[in-house]
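Here is a short guided walk through a model, written for someone who would rather be at the bench. Have the structure open as you read.

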4 protein chains.
Amino acid sequence: MAGNTIGQVFRVTTFGESHGVALGCIVDGCPPGLEISEADLQVDLDRRRPGTSKYTTQRREADEVRFLSGVFEGKTTGTSIGLLIENTDQRSQDYSKIADRFRPGHADYTYHQKYGHRDYRGGGRSSARETAMRVAAGAIAKKYLKQEFGIEVRCCLSQMGDVTIDSVDWDQVEQNPFFCPDVSKLDALDELIRNLKKEGDSVGAKLTVVANNVPVGLGEPVFDRLDADIAYALMGINAVKGVEIGDGFDVVNQRGSEHRDELTPSGFKSNHAGGILGGISSGQEIVAHLALKPTSSITVPGETINVDGETVDVVTRGRHDPCVGIRAVPIAEAMVAIVLMDHLLRHRAQNAGVHTSTPKI
Amino acid sequence: MAGNTIGQVFRVTTFGESHGVALGCIVDGCPPGLEISEADLQVDLDRRRPGTSKYTTQRREADEVRFLSGVFEGKTTGTSIGLLIENTDQRSQDYSKIADRFRPGHADYTYHQKYGHRDYRGGGRSSARETAMRVAAGAIAKKYLKQEFGIEVRCCLSQMGDVTIDSVDWDQVEQNPFFCPDVSKLDALDELIRNLKKEGDSVGAKLTVVANNVPVGLGEPVFDRLDADIAYALMGINAVKGVEIGDGFDVVNQRGSEHRDELTPSGFKSNHAGGILGGISSGQEIVAHLALKPTSSITVPGETINVDGETVDVVTRGRHDPCVGIRAVPIAEAMVAIVLMDHLLRHRAQNAGVHTSTPKI
Amino acid sequence: MAGNTIGQVFRVTTFGESHGVALGCIVDGCPPGLEISEADLQVDLDRRRPGTSKYTTQRREADEVRFLSGVFEGKTTGTSIGLLIENTDQRSQDYSKIADRFRPGHADYTYHQKYGHRDYRGGGRSSARETAMRVAAGAIAKKYLKQEFGIEVRCCLSQMGDVTIDSVDWDQVEQNPFFCPDVSKLDALDELIRNLKKEGDSVGAKLTVVANNVPVGLGEPVFDRLDADIAYALMGINAVKGVEIGDGFDVVNQRGSEHRDELTPSGFKSNHAGGILGGISSGQEIVAHLALKPTSSITVPGETINVDGETVDVVTRGRHDPCVGIRAVPIAEAMVAIVLMDHLLRHRAQNAGVHTSTPKI
Amino acid sequence: MAGNTIGQVFRVTTFGESHGVALGCIVDGCPPGLEISEADLQVDLDRRRPGTSKYTTQRREADEVRFLSGVFEGKTTGTSIGLLIENTDQRSQDYSKIADRFRPGHADYTYHQKYGHRDYRGGGRSSARETAMRVAAGAIAKKYLKQEFGIEVRCCLSQMGDVTIDSVDWDQVEQNPFFCPDVSKLDALDELIRNLKKEGDSVGAKLTVVANNVPVGLGEPVFDRLDADIAYALMGINAVKGVEIGDGFDVVNQRGSEHRDELTPSGFKSNHAGGILGGISSGQEIVAHLALKPTSSITVPGETINVDGETVDVVTRGRHDPCVGIRAVPIAEAMVAIVLMDHLLRHRAQNAGVHTSTPKI
């Protein structure tokens with residue numbers, strides 16, 4: 001209820017501030033017997049980690065995750081898994097100037113008014129640094145989904161500023177620092193980022209998440225629909241302002257005869273729905289898009305107020321990404337993986353043993 | 001967990017199928033002492049009700065809601081409120097033809113595969129008829145929000161097909177059957193609907209929800225952010241495929257210096273964020289958009305399969321809206337009101353007594 | 001959160017007051033495909049129903065339950081099941097005298113102080129009449145448990161006042177109005193009740209619930225232990241003041257060498273633990289006891305205060321049981337059945353597919 | 001849902017095994033601004049800690065707790081609090097002999113059958129060592145309850161074996177290693193424990209928890225009653241087999257005229273109810289009792305089976321308490337404090353602002 005937990009059966013609860021002692025989380029409800037090691041989680045943590053390319057913030061965190069419980073002799077025990085990442089590079093001094101003022105576009109003002117007392121160092125709990133634990137927890141879900149069902153959850157860049165991606169080659173995504181699936185756009189992206197750095201400004205991004213091999217039947221009928229829970233999970237990532245399933249906002253100007261995905265004995269003819277019908281997975285690819293705002297941590301001077309309500313200037317120095325969208329790729333994958341994992345287990349709880357004679361297309 | 005409940009403190013659990021005996025819900029967690037009557041709920045139910053204009057389905061349901069519990073001498077008691085709407089106009093025979101085939105774009109196929117056994121009459125549980133109970137429950141939330149905080153939650157049409165709304169006059173919204181805030185677009189909308197009826201086709205819609213007077217501080221920090229919960233609530237409405245907060249997908253091509261809403265002693269300079277920062281309400285207007293797909297209940301013939309996996313034709317006769325977006329206006333209001341109500345009570349649980357000397361702008 | 005729901009996967013949410021329009025509940029999370037009819041529920045409702053013998057309150061309620069949703073063509077659909085019992089014999093006038101005074105031993109004072117506004121008619125929401133819906137919901141759980149696992153949940157009287165039951169013959173339990181398993185004690189019970197009626201007084205009772213054929217492995221490890229959830233469920237029945245699992249309070253003076261149930265290849269040697277080890281079912285019989293206080297609805301005059309804080313007398317006229325324990329038998333069964341059902345589905349969610357080579361003893 | 005979390009608003013989720021790297025927990029939902037330090041938690045941890053007297057197990061753990069998040073400049077921030085205790089004295093070798101056999105009275109067999117794969121070292125997750133985190137979390141609740149409401153939650157020994165405690169002097173409780181409130185029984189307790197050590201056997205215990213200054217109105221009406229939640233919390237402590245509220249099982253032979261606590265303008269005349277009416281606190285002292293079984297970790301040889309289903313002997317060497325009841329005193333306090341804290345915040349969520357003109361007695 002206090003907002004640091006996601007999931008019903010597969011539950012992830014996180015803690016930790018940007019410049020605190022450590023980040024951690026508890027993953028509860030993971031089935032027993034899953035072979036897992038810290039190295040399985042490290043892969044995605046390294047993809048998210050700042051300081052790995054010249055395009056992302058130069059803050060250097062080892063982000064080494066440790067299992068504290070729940071894994072015995074290399075396999076999950078079915079009890080709660082404790083995960084910990086110690087903060088090593090904190091540099092709190094960078095942030096002392098903003099202790100008493102509210103950075104525009106940040107959660108400083110809202111945290112101050114909500115809680116009265118806040119950890120202002122690097123945004124404290126509101127920092128995207130917290131998402132490291134989501135990535136770690138998501139990696140457990142990804143491993144289970146892959147191993148048990150062959151499900152893969154992948155994400156890539158779809159647009160950054162006015163650079164739109166037209167073709168998707170998943171093999172390219174991990175080959176460049178933009179998670180860009182279209183090699184022909186790399187130069188344009190590089191130029192955009194370099195210009196932003198010069199200007200001290202930032203830009204938004206659009207990402208696409210795709211999950212394949214998802215079995216038909218996941219999602220609950222009325223409120224906890226699979227699409228609703230994906231929307232919740234993606235909108236809950238820092239800086240996200242929009243979420244689409246399948247054709248998303250394009251449906252506004254579609255006709256029903258065009259949008260409906262007709263069924264044939266060998267499968268659906270199209271996938272405008274993004275793999276979800278009535279809130280339940282159809283067996284097609286799950287497709288979702290998300291829009292991330294440009295970060296407000298920029299060096300272009302801005303105006304704001306301080307804790308006494310007086311006008312002051314604000315310039316965010318420190319180490320920040322010109323485009324937070326780049327690093328959100330593994331986070332978006334993790335969130336969708338957590339949702340799918342949770343719904344798989346939920347589905348199993350109630351519907352184990354359901355068998356239909358209709359072939360699953 | 002089984003998906004028929006929304007909310008944590010203010011909890012709404014619904015039941016009922018399109019052509020069953022009755023629809024109902026339990027509203028739990030409503031504060032005691034709220035003056036409420038069935039008439040308060042009926043207003044919004046009538047706005048949602050089919051058959052009220054020539055533009056919407058001609059199915060006629062009185063949709064009269066009754067309190068079964070939780071209200072005594074005109075005031076809520078603080079215990080669970082039972083609500084009931086009996087189904088009067090069921091015409092199950094209309095649907096007998098589709099008992100064994102899966103309508104494209106509907107939940108027939110996914111329900112069949114998930115549950116093995118489904119109520120096929122009019123979509124059963126997956127029918128938008130279920131949303132009547134959300135509207136009823138939302139009306140209780142709306143009354144409390146209005147009375148205690150002056151909060152108003154309103155929704156209007158923003159786009160239907162290629163007809164975009166450019167100006168918003170809230171006084172117009174209830175004056176026309178399209179919930180359109182721009183009187184200059186009524187003719188275009190009328191023409192669009194008439195053409196669709198001729199073609200037997202349907203079209204999508206975009207709606208905008210606005211909540212004003214929302215106090216600063218609502219929303220939880222990491223997962224149950226106010227924007228995440230609004231996304232969950234709106235994406236959970238039948239036919240919704242996209243949700244935006246504030247500038248939504250436009251942020252992809254914005255600069256940080258443009259997007260961040262600067263603060264002044266007298267308020268924010270802009271509201272690109274849609275009233276939510278770091279997942280917590282900022283005290284500005286909450287602004288959200290949603291995209292609804294064109295309904296698949298159309299008379300344009302389509303192809304599908306039946307329960308034996310064979311190809312069959314499908315034509316949806318019966319009484320259906322060419323644009324489901326129209327009727328979703330009160331539903332979207334209800335969903336946002338339920339989310340705000342829940343977060344108000346949640347905020348109060350943990351943060352009652354928090355006081356800051358900083359003026360709330 | 002507002003306290004009218006029990007269960008996580010198999011969820012039961014109730015509404016309704018003693019003298020309101022109707023009682024109802026929503027059973028969510030029931031697996032699809034279960035054959036069920038109103039008659040299946042009516043059996044237990046009739047066992048709980050007041051007015052069925054000279055030993056229980058003479059209030060006459062038909063207590064006829066109706067399915068409003070979730071059951072189609074005689075089988076559950078997997079979506080939420082709405083249940084309704086209309087109140088027919090309300091006689092509100094009996095209670096008008098107590099509208100402004102707090103009956104000792106009742107919830108009048110605590111409801112008044114908690115909610116400010118209460119339905120005083122017959123105790124409103126705090127009346128044991130609410131338990132009719134628990135019995136109805138429990139009957140669904142009982143049917144599923146019996147059919148899928150052969151699990152039976154039974155309850156009987158163990159003690160009333162100073163009349164203790166020494167031997168258990170389950171065949172006798174349904175043959176007498178006391179749910180007494182020992183035919184030799186019927187005369188003593190009859191005399192006790194008759195004396196209490198003369199005195200206008202009441203007495204407490206102890207019940208025993210037994211569930212057999214429960215598979216090993218149900219219950220979660222730390223907080224949601226099976227015994228903890230049974231304690232929660234039984235203590236939540238009106239008038240219950242104590243709960244024991246297995247040997248209960250007798251363990252205080254046992255030795256470890258006596259209490260521990262040794263294992264042999266053909267089974268446990270004893271069952272001091274009541275079928276639960278480390279919070280998880282062991283495959284043995286689940287045994288629980290509960291103590292119910294004597295009802296405070298008696299004609300022996302008592303002293304109390306009114307809403308103005310002044311001393312007043314109180315005599316509870318109306319139709320009341322001298323021993324509420326009698327009618328709690330089907331309620332206790334229902335509660336344990338709901339807990340077992342919920343834990344079966346929860347276990348399946350996380351541990352489906354777990355296989356051990358160790359024989360289950 | 002996976003059972004490692006307690007509470008709704010004030011939520012505690014624990015992780016860690018007896019001989020793993022560390023124990024930890026996340027306390028979520030704590031109000032911001034509470035002054036708290038590790039020393040506040042250490043007091044109760046030291047009371048629970050093994051090896052502190054000759055009467056308890058000689059395993060030595062420093063049990064030093066650290067805040068990892070959620071506390072900034074000495075005050076809670078309102079976000080999730082991470083707590084960690086590293087395991088220092090693990091001696092895994094002591095347990096190697098029992099890796100393949102199921103100790104009677106322990107959770108070895110049930111964990112094995114439930115999960116297939118278990119951490120057998122010292123009981124792994126099922127070890128009472130896990131309760132250290134409950135004590136740590138409970139200490140936060142206790143501090144808040146004390147500071148904001150003057151509520152004190154205390155526990156003492158009521159009976160051990162056949163030694164019953166007749167008088168309660170709270171000042172004595174912390175003065176002796178038995179948490180015994182009756183100084184005249186110390187010799188008898190000492191003798192009992194010494195004899196048990198000689199015999200290599202163990203004995204059960206009964207504890208009493210009392211909470212005073214609890215305001216009227218805490219607890220929800222039907223399922224999440226305060227007494228039901230206390231029963232859940234106490235029955236969830238390792239080895240507990242019985243829970244009573246107020247007079248507990250004595251009510252079975254009480255008359256209604258004797259049990260009901262009459263009200264007067266200056267307060268209740270008695271407290272048979274243990275401070276809870278209709279599941280809601282009455283403003284009187286909350287009184288609960290719990291029975292703890294004798295531990296099965298004894299040196300008296302016993303019979304059991306191994307993972308191959310064969311009969312084997314079992315003798316539990318190592319360092320174990322002859323009476324686990326002694327160390328459960330701070331645990332029981334912690335559990336009741338967590339429940340009260342949670343219900344205080346829950347009450348506030350829904351009923352803030354409720355005012356009655358009736359004086360609270």
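Copies are superposed by least squares on the C-alpha atoms of residues with pLDDT of at least 70 in both, pLDDT being the predictor's confidence in each residue, from 0 to 100. Laid on chain D in this way, chain A fits with an RMSD of 0.0 Å after a turn of 180 degrees and a shift of 0.0 Å along the axis. That is the relation of a two-fold axis.

A few ground rules help. This is a predicted model, in which local features need pLDDT of at least 70 and side-chain atom pairs count only at pLDDT 80 or more, while totals for chains, interfaces and linings use all residues. Residues are numbered from 1 along each chain as its sequence is written, and chains are lettered from A and ligands numbered from 1 in the order in which they are written. Chain A averages a pLDDT of 93, with 94% of the residues at 70 or above, and the model scores ipTM 0.96 and pTM 0.97.

**How the chains meet**

Two residues are in contact if their C-beta atoms, placed from the backbone, lie within 7 Å. By that rule, 100 residues of chain B touch 100 residues of chain A. On the chain B side, helix α2 (residues 108-115) gives the most, with seven residues. Helices (H or I, at least four residues) and strands (E, at least two) are DSSP runs, numbered from the N terminus.

Chains A and D also touch, through 38 residues from chain A and 37 residues from chain D. On chain A, the elements giving two or more residues to this side are β2 (11-15), β3 (22-28) and β7 (81-86). Of the interface residues of chain A, 97% are also interface residues in chain D, so the copies meet through the same surface.

The table sorts two of these sides by class: Ala, Val, Leu, Ile, Met, Phe, Trp, Tyr, Cys and Pro count as nonpolar, Asp, Glu, Lys and Arg as charged, and the others, Gly among them, as polar.

| Side | Nonpolar | Polar | Charged |
|---|---|---|---|
| Chain B, touching chain A | 36 residues | 41 residues | 23 residues |
| Chain A, touching chain D | 12 residues | 19 residues | seven residues |

Strands join in too: β11 (residues 240-245) of chain A pairs with β11 (residues 240-245) of chain B, antiparallel and over three bridges. Strands pair if DSSP finds at least two bridges between them. Here A:G242 stands opposite B:E244.

**Covered places**

A residue is buried if 20 or more other C-beta atoms lie within 10 Å of its own, exposed if 12 or fewer, and partly exposed in between, with C-beta atoms placed from the backbone. In helix α2 (residues 108-115) of chain C, eight of its eight residues are buried. Their cover includes β12 (263-264), β14 (276-277), β15 (280-281) and α8 (328-351) of chain D. After α2(C) comes C:G116, with a positive phi near 80 degrees.

B:A332 sits in helix α8 (residues 325-351) of chain B and is buried, because 31 other C-beta atoms lie within 10 Å. Among its contacts beyond four places in sequence are B:C155, B:L234 and B:L290. B:L290 is 42 residues away in sequence, yet 8.6 Å away in space, C-alpha to C-alpha.

**A listed site**

An unreviewed UniProt entry lists residues under "binding site", including A:R125, A:K293 and A:R319; such annotations may be inferred rather than shown by experiment. A:K293 lies in the loop between β16 (286-292) and β17 (302-305) of chain A. A:K293 counts as buried because it has 30 C-beta neighbours inside 10 Å. Beyond four places in sequence, its contacts include A:G204 and A:K241, along with B:V251 and B:H259 from chain B.
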